[in-house]
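Please walk me through how to read domains and helix packing in a protein model.

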2 protein chains.
Amino acid sequence: MGSIRDKVAIIGMGCTKFGERWDASGEDLIVEAVKEALEDANIELKDVEAAWMGLFYPHISLGPQGMPLSTTLKLPFIPVTRVENACASGTEAVRGAAYAVAAGVCDVALAVGVEKLKDIGFGGLPERNMPAVEGAGRFFFSTVSAPGAFAQMATRYFAKYEIPPDKGKEILARISVKSHEAGALNPKAHLRRRITVEEAVKAPIVAWPLGLYDCCGVSDGAAAAILVPAEKAKEYRDDPIYIKALQVAISSGEELMYNWDGVHVEPTVRAAQRAYKEAGIENPRKELDLLELHDCFSITELVTYEDIGVSPRGRAPEDVMSGFFDLKGEMPCQPDGGLKCFGHPIGASGIRMMYEIYKQLQGKAGERQKQGRCELGLTHNLGGFPFRATIGISILGAHKG
Amino acid sequence: MGSIRDKVAIIGMGCTKFGERWDASGEDLIVEAVKEALEDANIELKDVEAAWMGLFYPHISLGPQGMPLSTTLKLPFIPVTRVENACASGTEAVRGAAYAVAAGVCDVALAVGVEKLKDIGFGGLPERNMPAVEGAGRFFFSTVSAPGAFAQMATRYFAKYEIPPDKGKEILARISVKSHEAGALNPKAHLRRRITVEEAVKAPIVAWPLGLYDCCGVSDGAAAAILVPAEKAKEYRDDPIYIKALQVAISSGEELMYNWDGVHVEPTVRAAQRAYKEAGIENPRKELDLLELHDCFSITELVTYEDIGVSPRGRAPEDVMSGFFDLKGEMPCQPDGGLKCFGHPIGASGIRMMYEIYKQLQGKAGERQKQGRCELGLTHNLGGFPFRATIGISILGAHKG
């Protein structure tokens, strides 16, 4: 395996406000995100040579293939490719664009992630045979609901590490409290209200031990990135952000059959290991400055701290309780509020995470800006858990080489 | 725009028998195609570092994301990415793999195209709200059926070039007769029966002037390719095939609004022009040796001859009637039988076309082998016509540089 490290840079990004965007169609969301990205990069749409789009539910969100991007932006016959890898679809769009740039086939590539889930027939937890989400039905719910699957991971985690239920609930609550603290400062977040540990612990249960505040919501949103060859990046701006690693790992289901401990996600471990190798990172806990993890559920974030090697096995709760991942902690996680406050418009989430890392590394995150060293950030997408788990990881850096 | 030319080579390919594969699931088809490709490349599955899969109907064919490939082949956590661009999805899988190899991020990449349409609820011409193909319903049939759309192109072509209906029917029939002649020699084809012009002309009408033999069928199938950096290709085999160009062009719908003549597909023109530039081809009629075009309908093939600049505007009928595109003609088109004899398992078709070009350029096409010079071949995929037309073109060559 070779490496993408320092071959490609991001020179512009855009991200819509996420939420119940009754005011906006999927097409409107694309325009909003791409317009910001173009202005940020100080280029025009006609400069874009090829595009990739992450979109999971084409038939309810926008339509199949690359067409929604082509028609919406009136792209003049340039290649537009739809990529789909469940919840990692946004990361895949950036990966497609990055490889094209690194291959030398285009100098300016656009990656867009988008999903319109509100007001178009998507109901959150679909019935098995609901026509508009038949794909989703088969995908998520063939054996177990998403909250149900992650709830089992939480109870297993409590059992394995001998955490009493009340303490376990408190640890999970603390993760969500931290994310809401950050989201409250972010005008683009869907949910901007601070919550307390007590509120989270006492919230209605969705699937025990996961309560309302342990689960991310469903929302609309889009995000976009403009990529160029790293050596040309400074022609566009003084503070481009460099791609250090882009990795995808997908489960064959095999590892779940034998001796799975139930408290880790093997494809995350594999993708992270490869990403660190690609980026030249030896000690992620010391070298990474901030994280955007796939917190579809609080337990997912907890386990991911360990899977990516930032917290030792079984020790993530200590890091959570000590504030290590708080906005003012040593390694802020979800400095934008995470899926917890943004919801999860599937194709958009991966690029939304990169947007926050990009702004943080440029020192432009305003009230949410990480203090101290802020040079290297990681994003993590997880989809299809457990049987079809697919992971997308990016590592972005402020400096080249 | 840069170029992919001679950066990547194909060292192994596989293709299933296409047809009503009641004997095989989508997973079986994947195994069949990939097994042949691995054996052809003389490598093992564990040598594959990353994979791309072209698949259009995930919820009826196999399942979403890259999972079907990962689970079926038991791939050990390597990246697998689903790409989708309507009928050009197979070409997109090869493009994804090619860019990754050219970017230097992997040394052995797998591209697979697959679709299982028989025996799983896909009915050919779906009703508007048929749940399992709701995406297809919205895609193809929001304004007009596929045969209906192309039938209008045929009547417009007849009118513009003052071709009497009987003569027009004969020209279209001649295209299908030529493809059936080739398909009859191909053990992997679905329909292996020779037909006559009289049979084709008198066949039941689907949408006038298109009759039964002017339309391709629906079938199951899979095809696979293994890609490596061009400079390493001869380590694997003496006769690798080199990628000279890979282009995708997609319509924004704009060109249809104003002054569209109705007898050409603008994204094909754009993709072909870019592909020739990428491959360094100045005169396609003289330099190309054989073609695999997207003959979903006979008229599509006729118009594509002109759109790719092989026949002058309005002169494709002369080339058809003179036998220029016959298996023993100067530039065989559909030497494997085309969509006409293979049917169109959507994600597979683009790679199935490349499989034939690959075998022909290696001189291994048996009874169907082109005589004389056989060094440069073109494949062409068309999807989403008319409003969402997306084109994939590849040019493959027997020699490097």
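The dialogue below covers the domains and then one pair of helices.

Q: What kind of model is this, and how are residues numbered?
A: This is a predicted model, in which local features need pLDDT of at least 70, side-chain atom pairs count only at pLDDT 80 or more, and totals for chains, interfaces and linings use all residues. Residues are numbered from 1 along each chain as its sequence is written, and chains are lettered from A and ligands numbered from 1 in the order in which they are written.

Q: Which domains does the assignment give for chain A?
A: Domain bounds come from an automatic or database domain assignment. Here domain 1 of chain A covers 8-123 + 220-235, and domain 2 covers 143-217 + 243-397. Their C-alpha centres lie 24 Å apart.

Q: How many residues of the two domains are in contact?
A: Two residues are in contact if their C-beta atoms, placed from the backbone, lie within 7 Å. In chain A, 35 residues of domain 1 touch 29 residues of domain 2.

Q: How do the axes of α7(A) and α12(A) cross?
A: Helices are DSSP runs (H or I, at least four residues), numbered from the N terminus. Axes are lines fitted to C-alpha atoms, for helices over the stretch in contact, and angles run from 0 to 180 degrees between N-to-C directions. The axes of α7 (residues 165-183) and α12 (residues 298-307) of chain A come within 9 Å and cross at roughly 95°. Therefore α7(A) is roughly perpendicular to α12(A) (the term covers angles of 65 to 115 degrees).

Q: Which residues make this contact?
A: Leu172(A), Ile175(A) and Ser176(A) of α7(A) meet Ser298(A), Ile299(A), Glu301(A) and Leu302(A) of α12(A).

Notes:
Helices (H or I, at least four residues) and strands (E, at least two) are DSSP runs, numbered from the N terminus. Angles under 35 degrees count as roughly parallel, over 145 as roughly antiparallel, 65 to 115 as roughly perpendicular and the rest as oblique.
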